[in-house]
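Q: Take me through the nonpolar core of this one and whatever is packed around it. Keep it informal, but give me the cut-offs as you go.

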Amino acid sequence: MKLIRFNLVVLSSVGLLFLGACGNGNEIANTENTATANTETPTTEVKPIAKSSHQHGPTKGGQVVETGNYHLEFLAEPEAGGSHLDLYLLTGDTHATVPNANVTALVQMPDGQEKTVLFTYSDKDKHYIGMLNVTASGQYQVRITANVNGERVNGRFSFNR
């Protein structure tokens, strides 16, 4: 019985050593916001991408969600009267701009209240623009819904103010 107990302790110790050796000791906690894609299939989580190139070309520095045939990139910039919201809605492998969608956002404020923001397309900037006239500090949850020729495209994002 003592031999079995001793073997179990040794085996457990060796297993823990192997698990410890697998980590490189450089783990970093992700403290940034995350974005999630919401389609009719289960939700997937996507980390925000910094201003750099990714597999589809340069980003604008926002949170990126690929959902179905669409690429959504969301940015929120604080302004004096609230937050300026930008949405880049692109389609296909070439990521061509989609200028003819009806885009709305349902924003949950830090206090739990919800507000609807309508987006308009800017021909000059080639993306959708919205304004959230709320200045409260905290985390905002954003659910974007775009209607593209009868096809519904959803994306979930968040930002801090």
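A: Let's fix one term before anything else: a contact here means heavy atoms within 4.5 Å. This is a predicted model, so local features need pLDDT of at least 70 and side-chain atom pairs count only at pLDDT 80 or more, while totals for chains, interfaces and linings use all residues. Residues are numbered from 1 along each chain as its sequence is written, and side-chain values use heavy atoms, with hydrogens and water left out.

With that settled, S83 is a handy way in. Skip its neighbours within four places in sequence, and S83 is in contact with E77, P78, G130, M131, L132, V134, F159 and R161. S83 belongs to strand β7, residues 82-91. Strands and helices are DSSP runs numbered from the N terminus, with at least two residues (E) for a strand and at least four (H or I) for a helix. On that basis the chain has 14 strands and 1 helix. S83 has a relative accessible area of 2%, so it counts as buried. The cut-offs are under 20% for buried and over 50% for exposed, with partly exposed in between, using a 1.4 Å probe and protein chains only.

Now the core itself. A nonpolar core is a set of buried Ala, Val, Leu, Ile, Met, Phe, Trp, Tyr and Cys residues joined through side-chain atoms within 4.5 Å. The largest one has 26 residues, and L89, F119 and I144 have the most contacts inside it. Elements giving two or more residues to this core are β6, β7, β9 (102-108), β12 (127-132), β13 (139-148) and β14 (151-160). The largest share comes from β13, with 5 residues.

Zoom in on F119, one of those with the most contacts in the core. Beyond four places in sequence, F119 touches L85, D86, L87, V103, T104, A105, Y128, I129, G130 and I144. Among these, T104 has a bridge partner in β10, namely L118. β9 and β10 (residues 114-118) pair antiparallel over 5 bridges; two strands count as paired if DSSP finds at least two bridges between them. They form a hairpin with 5 residues between the strands, and G112 in the turn has a positive phi of about 95°.

The aromatic side chains are worth a stop too. Rings of Phe, Tyr and Trp (its six-membered ring) pair if their centres lie within 6.5 Å; planes under 30 degrees apart are stacked, over 60 edge-to-face, and the rest tilted. There are 4 aromatic pairs in the structure. One of them, F74 with F157, is stacked at 5.1 Å centre to centre, with 25° between the planes. That pair links distant parts of the chain, as F74 sits in β6 and F157 in β14, 83 residues apart. Both rings are buried: F74 has a relative accessible area of 1%, and F157 is at 2%. F74 and F157 also join Y140 and F159 in one aromatic cluster, and F159 is one of the contacts of S83.

β6 (residues 70-79) also holds H71. H71 is buried, at 3% relative accessibility. Its side chain makes a polar contact with the side chain of H95 at 3.2 Å. A polar contact is a pair of N or O atoms within 3.5 Å; within protein, one must be able to donate a hydrogen and the other to accept it, and residues adjacent in sequence count only if both atoms are side-chain atoms.

Around these buried parts, look at T97, in strand β8 (residues 96-97). T97 is partly exposed, at 32%, and beyond four places in sequence it touches L89, L90, Y121 and K126. L89, again, is among the residues with the most contacts inside the core. As for K126, that residue sits in the loop between β11 (120-122) and β12 and is partly exposed at 45%.

Backbone angles add one more detail. Most residues other than glycine have a negative phi. K126, which is not a glycine, has a positive phi of about 60°. N149, in the loop between β13 and β14, also has a positive phi, of about 50°, without being a glycine. N149 is exposed, at 65% relative accessibility.

Zooming back out, buried residues make up 34% of the 161 residues in the chain. Of the contacts with a separation of 6 or more, 48% are between residues 24 or more positions apart.
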